[in-house]
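Hi,

Here is the structure I promised to pass on. Have a look at it first, and my notes follow below.

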Amino acid sequence: MPLDHPAEVGSAATAPGDTPAQGVTAQVARLNSELRHHSATDVLRRAGEEVPNLALVSSFGAESVVLLHLASMVNRDLPILFIDTEMLFTETLVYQQEVTERLGLRNVTILRSGSIRAADPDGTLHQRDTDACCALRKTVPLQTALRGFDGWISGRKRFQSGTRAALEHFELEQRGPGLPDRIKVNPLAYWDPADVQTYMTENRLPRHPLVAQGYPSIGCEPCTSPVKPGEDPRAGRWRDSDKDECGIHFVNGKMVRTGGRT
């Protein structure tokens, strides 16, 4: 885990003659170059300076408390978006309240879909079409909420899957025709599993109660099962199907299933 270094202030201005998209692309490249060997705290500080209209998206899942703790040390008023799919484990809802209070987070917004009763009145959509259920309860509400932000912070890490092996601290998120590009920030991109566990232990952070019960990756209750010793940590998510992502991460307006933890 990189050591903390003083944050360096940079300019987010678009150079003369650049289009907004070119400006964001150049900004992302510059930030990655300047902060490649800096700490997660530095990345969060700089992100707040260069992308003032920024939100952190958290599932309050197995490892979420690490990023939330780091964010609380930088800015406790940072907007934090938590999606209540109305199918989460009770333990997750209780944990969300506990962590919010413990870390003194002052700007947590709980998102819920307003279309569940009409689109899934009997709560069985996940049995027929898991992608549609995730879109209804999670992806669409989040994308709607993020429309008001110029960037967002994710807890993704390089070790989580092969497709994330080249993940950088800053990414350009292209949202499709007619929508401005956005910056995605990954402060923990270079952390490994030992870094995560060490940080939680050293800072005495509360653990999600389901982790001790065999849930290393936690989503909605109907689609999450315990993981057996030797199984992939995400084996319990949408078990016995080829689905491995809820659809939060988009490129060019399309869902990208990367297989990493959410």
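About 12,500 Å² of the protein is exposed, with carbon and sulfur atoms supplying 52% of that (Shrake-Rupley areas, 1.4 Å probe; for residues, only the protein chains shown count as cover). Bear in mind that this is a predicted model, where local features need pLDDT of at least 70, side-chain atom pairs count only at pLDDT 80 or more, and totals for chains, interfaces and linings use all residues. Numbering starts from 1 along each chain as its sequence is written, and side-chain values use heavy atoms, leaving out hydrogens and water.

Of the 262 residues, 48% are buried (under 20% relative accessible area; exposed is over 50%, partly exposed in between, 1.4 Å probe, protein chains only).

On to the fold: I get eight helices and eight strands (DSSP runs, H or I of at least four residues and E of at least two, numbered from the N terminus). Six of the strands make an open, mixed sheet, ordered β3-β2-β1-β4-β6-β5 (pairing takes at least two DSSP bridges). At its edges sit β3 (108–111) and β5 (170–173), each paired on one side only. β2 (residues 80–83) runs parallel to β3, with four bridges between them, and I83 stands opposite L111 in β3.

One residue to click on is P52, in the loop between α2 (40–50) and β1 (54–57). P52 is exposed, at 67% relative accessible area. Its C-alpha lies 9.8 Å from that of L78, 26 residues away in sequence.

Cheers
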